[in-house]
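Here is a walk through one chain, from its overall build down to a single arginine. Have the model open while you read.

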Amino acid sequence: MKHFLRYALLLVVNCTFAQVTLQGVVKDTLNDPLYLANVIAINQETTDLESYAITNEEGKFKLELGENGTFELQISYVGMRTYKEVISTSSTDIVKDFTLELANALDAVEVVSEIPVTVMGDTVVYNADSFQNGTERKLEDVLEKLPGVEINEDGQVEVEGKVVNKIMVNGKDFFDGDTKLATKNIPSKAVDKIQVLRNYSEVGQLRSVANNQDNVAMNIKLKEGKENFWFGNITAGAGASPDKELYLLQPKLFYYSPKYSLNFIGDFNNTGEVALSRRDIRNFGGGFRSPSRSSGTSLNLGDNSLNFLTNQNNALEIENKLATGNFSYSPTGSLDLSGFLIYNSSRILSRETSFIQYTDPELGIPDEATEQSSRERSNQGLLKLSASFQPDLNNQLDYDILGRISNDSQNQNLFSSVIGNTTQVDEVTPFSVNQNLNYYYTLDENNIFALEAQHLIRDEDPFYNALLVNDPNGDDAFDNTAEALGLDTSLNNYNLGQNRRVLSNQLDAKLDYYHILNAQSNFNFTLGTILSRQEFNSNIFQFLEDGTQFNPTPNFNDGLATNDTEYNFSDLYLGIHYRLKTGKFTLTPGFSVHAYGNKNFQVGETFEDNFFRFLPDFETRIQFKKSEALTLRYEMRNQFTDVTRLAQGLVLNNFNNIQFGEPDLQNALSHNVSLFYSSFNLFNYTNVFARAAYTSNIDQIRSLTNFESVIRTSTFFNSNFADENVNVFGRIQRSFGKIRTTLNASFNYSKINQFIQGQQSLNEGYTQTYTPGIRTNYKVAPNVSLRYRYSVTNNNQGGGKTKFVTNAPSVEFDAYIWKSVTFRTEYTYTNQDLGNGNSQSFQNWDATLSYRKDRDAKWEYEIRATNLLDIDSQVRNSANNLSVFTSETFIQPRFVTFRVVYAL
């Protein structure tokens, strides 16, 4: 592998030689520079695109060309005649200016080669074929090669540092609310153009009065011949592993016409390939956005779904079934109907060993070694239906409904060096229905109304059971906790059970009125409300040896082992914002006034808190250039907790994690400041963005924790100790001909106050990560991508300090050989220095070899190997405010599969 890395590096270095620079200025006949003119050079020998550029504000451009070559230069600009000239290069750079003339309507249409990148206002258009060399198979492979576009670690698409929140195909929504299904499944050879829509607004009426600079969407234009025909591919595969036979079936079918579209994506395999993880499904928002997102109020309804132990990408056995469908239909020019259906099923077997060392010896908590195995089952379903009606430019009505249901369970066997053997079962079958209604009305050119309302119903019913070994005549680590819970300690085991039920009902609505004063300024008046009701019931019980249930009475917390709590929350608010554009500045000062009402009923008592709050906010945007901007934001937010932290009765989060709430909890207040800078420069192929954020939490709701051995009991209170967090992230991307370099850097500082065993202590954490990378983008030569991640994590936990240093070099290599064979491989080496003279490491190496007759072939044959080095586990080290954690997670062995792909 060292020889391979050396070869890859030499390949990158050698290919950067033998280049000359052609630069100059493009002007019109009045000698004025032309901004955003397109300049391309076509290699006369190969007829391939050699280089391209877009002029800057001064009309300047720069091309990198091969030495001793002949190239046709094409310069184009809207409304101008296309200029063409053949240029020959030697070994010296060339400086030359060009003048374009106005086009005549009677001029013959000239054929101009496809331009790789075109900028039209807020839209950047990439020509997909200009960035492909034949090794690409899906949309994601193309996006990774586009300047200014990145695929982050979570698989999301980022453009100029902003996450793309919507992907469309030929202008039609593609599984609204998630981008992974598009990037990992749409075949690359079906893509003609990729349109990045900056400052995107789904409501045209609000485009000129709202700040949309954070909204980025992407539209995929299909190639000619893909409309009115089914396209896509079907993959079938099989293989062998040390323990079982492997299978894989992946149908991906698409149909688009001007009036309707249909998409089907399936994925059935036991190879561990995850199209959508359980977390992806859980976070699949369907495009829903809370109307109160900018009101200054944050209401947490909690999450009582099952917290699986396993990361789906790291387990011994992983079996997935995914079936999805997406449609859109436009029966008339004013009505659009769309929707999707997703079913996802997974079966997972995992095993992990860990060692937990508590950092403060004064707390008296023993160190703990654990070994756990888990069988996890999850079945999830989502259904969304949408309608949009726009009879004219002044009216738009949107309605969406999203339903989700799941059936999840987890069976876990745990051995603890402190507690002993424990068997645990978690089950939950939650469902929710979310509805969204929006109406936008333009009264006249100066007055616009917008109504947004969202209603949520959610039902969660988690069940928990734990079976612990007990010696009635001896001392066990759980005995003191069992006695405190009021359990029967005379049995040979502790068989604990808990039922919980959380019902949530929330209405979030607002009415916006926009009054346009002139082309540079407008007022926005908002009247909104949040009405929420949560009901929480729970009870703890013990299964006796004769099968009956015993309801214990705890010896603390006033003997409350059950909950029957109702929590009502209301927020009525009025917001006023003024938006002003003056020169390069866009200023948006504003505030909101809130009337809050909190009331919870439990144990025959009523706890009520009503108050008013003034919440200011401010945004300033400086537009230095068309593609360079700086945005500063400040907002004060009020944060409210969910019902489970208010309920006084005991709740088992786990057999070793018990909590009870505080009914008098108040809201937490936070100050939030953020700064965002972005620059997208196609003149010198440099893209820069940086983001900095600071948060200070006042009256933070925090836990008060006590330990009995390794078993914790927590309650909650409002602390007057402020917590702080600073986060900085930046990326610089620069291209030199066919070579693209990238540097990502991040820094995070957190200050958290904690209360353990009645003692207050301060936890400070510092994490800094640097990831330089270099990749090539050749049309013929093999391509390589080299990355190196260096991360340092420091934690000061009051009673101790920890430091982890991670070094992770990686390489990706792909080659398109003989115009029929594709070879792709990726390798990562991860080493963690524990700061005490010890270090741990693991490696990962995957490879794929495929054959197809040519790019348009219907059949393709592929051999894919994962975990080529047959590594049996991965290690992870981390630290929190209590302990240092070291774990070893066992993973799937080497898999080799043979696959057949048929392209429609």
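Accessible areas here come from the Shrake-Rupley method with a 1.4 Å probe, and for residues only the protein chains shown count as cover. On that basis the chain has about 40,200 Å² of accessible surface, and 53% of this belongs to carbon and sulfur atoms.

A word on ground rules: this is a predicted model, so local features need pLDDT of at least 70 and side-chain atom pairs count only at pLDDT 80 or more, while totals for chains, interfaces and linings use all residues. Residues are numbered from 1 along each chain as its sequence is written, and side-chain values use heavy atoms, with hydrogens and water left out.

**Overall build**

You're looking at a lot of strand: 53 strands against 5 helices (DSSP runs numbered from the N terminus, H or I of at least four residues for helices, E of at least two for strands). Along the principal axes, the C-alpha atoms fill a box of roughly 95 × 70 × 55 Å. The radius of gyration is 30 Å, which agrees with the value near 29 Å for a compact globule of 904 residues; it is taken over C-alpha atoms, and the globule rule is 2.2 Å times the number of residues to the power 0.38.

Of the 904 residues, 52% count as buried (under 20% relative accessible area, with exposed over 50% and partly exposed in between, 1.4 Å probe, protein chains only). Take the contacts (heavy atoms within 4.5 Å) with a separation of 6 or more: 66% of them are between residues 24 or more positions apart.

**A greasy spot on the surface**

Twelve names make up one nonpolar surface patch: Phe389, Leu397, Tyr399, Leu437, Tyr439, Leu443, Phe449, Leu451, Leu511, Leu527, Leu572 and Leu574, with about 1,000 Å² of accessible area together. Patch members have over 30% relative accessible area and no salt bridge; nonpolar side chains (Val, Leu, Ile, Met, Phe, Trp, Tyr) are joined within 5 Å, like charges within 9 Å. Two or more residues each come from β25 (395-416), β27 (431-444), β28 (447-460) and β33 (562-582). The largest share, 3 residues, is from β27. As for Leu527, its place is in strand β31 (residues 521-543).

**Salt bridges**

There are 33 salt bridges in the structure, each a side-chain nitrogen of Lys or Arg within 4 Å of a carboxyl oxygen of Asp or Glu. Three of them are set out here, with relative accessibility.

| Pair | N to O | Lys | Acid |
|---|---|---|---|
| Glu319 and Lys321 | 3.1 Å | Lys321, 34% | Glu319, 26% |
| Lys510 and Asp512 | 3.2 Å | Lys510, 10% | Asp512, 2% |
| Lys599 and Glu608 | 3.9 Å | Lys599, 29% | Glu608, 49% |

Lys510 counts as buried because its relative accessibility is 10%, and Asp512 is buried at 2%. Elsewhere, salt bridges link Lys166, Asp173, Asp176, Glu202, Lys384 and Asp400 in a network.

**Zooming in on Arg613**

Which residues does Arg613 touch, leaving aside its neighbours within four places in sequence? They are Ser592, Val593, His594, Tyr596, Asn638, Asn667 and Leu669. With Asn638, the side chains share a polar contact of 3.0 Å (a pair of N or O atoms within 3.5 Å; within protein, one must be able to donate a hydrogen and the other to accept it, and residues adjacent in sequence count only if both atoms are side-chain atoms). Arg613 sits in strand β35 (residues 605-625) and is partly exposed, at 24% relative accessible area. Asn555, 58 residues away from Arg613 in sequence, is 40 Å away in space, C-alpha to C-alpha.
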